[in-house]
Structures are given as C-alpha cells and as structure tokens.
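Biologist: I'm new to this one. Can you walk me through the model?
Modeller: Sure, here it is.

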Amino acid sequence: QVQLVESGGGAVQAGGSLRLSCAASPYFFNSKTMAWYRQTPMKQREPVAFISSGGAANYVDSVRGRFIISRDNAENTVSLQMNNLRPEDTAIYYCNVLSRSVSDLKVWGQGTLVTVSS
C-alpha cells in the first residue's frame with residue numbers, strides 16, 4: 001500500500017520545540033532521499049530538509065541550525081526535530097521523497113499542522 005502518515009504537529013510559542021514523525025510505506029522509503037516539505041496559504045509547498053538513504057542531511061537556510069532531520073531505515077520512518085521555532089515556521093508539514101518538482105509527486109499524506117505564536 002502506498003502511504004505516508006505524518007504526525008507530531010501542534011501549537012507552540014516562539015522558541016519552543018516540536019518533533020514531527022512520518023511513517024512511509026517501503027514504496028516511498030527504500031533507497032530514496034526523503035524530505036520534509038511545508039506549505040502555507042501564501043507559499044507553495046517546498047522542501048525544508050532532506051536526508052539521503054545513507055543519512056546525509058541538508059537544510060534550507062531558514063531552518064539550518066534549528067531543525068534536524070533523521071531517518072530509521074528499518075522502521076521506514078523519517079523525523080524532523082524542530083527547535084527554536086519561529087512564527088514564520090507556521091505551516092502544514094508533509095514528508096515525501098525529494099523531487100525537483102513538487103508537481104511530479106502525486107501521492108501525499110494528510111500533513112501535520114504546526115502553529116507557532118509570538
């Protein structure tokens with residue numbers, strides 16, 4: 001079954017932390033670079049962090065030093081530890097394979113909402 005299930009979102013104050021988790025079916029996970037994306041009403045969905053099957057992680061500038069992405073290949077899960085959250089991090093967060101074009105990805109989970117208040 002092709003599936004992505006995100007969890008862990010919530011409402012926090014600025015400076016707080018959250019840990020997001022994603023359970024992925026092997027179709028998505030096996031040997032693929034996985035990414036966390038976020039979307040707001042003002043911006044299209046975009047990746048903020050991604051991790052290769054070997055564990056090499058990369059981040060966009062706006063989250064580098066605050067977010068940590070990790071994966072468990074045995075459990076087919078990918079996580080995002082978010083620290084020192086800012087109001088501009090407020091978004092719906094999704095996990096998926098990394099793609100040059102988000103429009104190429106046809107299957108998504110329901111996402112998890114993160115709300116950061118000032």
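Biologist: What pattern does the chain follow along the sequence?
Modeller: Read from the start, the pattern is β-β-β-α-β-β-β-β-β-β-β. That comes to 1 helix and 10 strands. Helices (H or I, at least four residues) and strands (E, at least two) are DSSP runs, numbered from the N terminus.

Biologist: And where does the model come from?
Modeller: This is a predicted model: local features need pLDDT of at least 70, side-chain atom pairs count only at pLDDT 80 or more, and totals for chains, interfaces and linings use all residues. Residues are numbered from 1 along each chain as its sequence is written, and side-chain values use heavy atoms, with hydrogens and water left out.

Biologist: How many disulfides are there?
Modeller: The count is 1 disulfide, where the term means a pair of cysteine sulfur atoms within 2.5 Å.

Biologist: Which residues form it?
Modeller: Cys22 and Cys95, with sulfur atoms 1.7 Å apart. Cys22 is in strand β3 (residues 18-24) and Cys95 in strand β9 (residues 91-97), so the pair ties together parts 73 residues apart in sequence.

Biologist: Right-handed or left-handed?
Modeller: Right-handed, because the torsion about the S-S bond of Cys22 and Cys95 is about 40°.

Biologist: Are those two cysteines buried or exposed?
Modeller: Cys22 is buried, and so is Cys95. Buried means under 20% relative accessible area, exposed over 50%, and partly exposed in between (1.4 Å probe, protein chains only).

Biologist: How much of the chain is buried?
Modeller: Of its 118 residues, 39% count as buried.

Biologist: Switching to the backbone. Which residues have a positive phi without being a glycine?
Modeller: Asn76 is one of them, with a phi of about 55°. Asn84 also has a positive phi, about 50°.

Biologist: Where do they sit?
Modeller: Asn76 is in the loop between β7 (67-72) and β8 (77-82). Asn84 is in the loop between β8 and β9.

Biologist: How accessible are they?
Modeller: Asn76 has 13% relative accessibility, so Asn76 counts as buried. Asn84 has a relative accessible area of 43%, which makes it partly exposed.

Biologist: What does Asn76 touch?
Modeller: Leaving out residues up to four places away in sequence, Asn76 touches Cys22, Ala23, Ala24, Ser25, Pro26, Phe29 and Asn30. Contact means heavy atoms within 4.5 Å. Cys22 in that list is also one half of the disulfide.

Biologist: How do contacts run across the whole chain?
Modeller: Take contacts between residues at least 6 apart in sequence: 56% of them join residues at least 24 apart.

Biologist: Now some other loop residues. What about Glu88?
Modeller: Glu88 is in the loop between β8 and β9. Its relative accessibility is 53%, so Glu88 counts as exposed. The C-alpha atoms of Glu88 and Ser70 are separated by 22 Å, with their positions 18 residues apart along the chain.

Biologist: And Arg100?
Modeller: Arg100 lies in the loop between β9 and β10 (112-117). With a relative accessible area of 92%, Arg100 is exposed. Arg100 and Phe50 are 50 residues apart along the chain, and their C-alpha atoms are 12 Å apart.

Biologist: What about overall size?
Modeller: The C-alpha atoms fill a box of roughly 40 × 25 × 25 Å along the principal axes. The radius of gyration is 13 Å, which agrees with the value near 13 Å for a compact globule of 118 residues. That radius is taken over C-alpha atoms, and the globule rule is 2.2 Å times the number of residues to the power 0.38.
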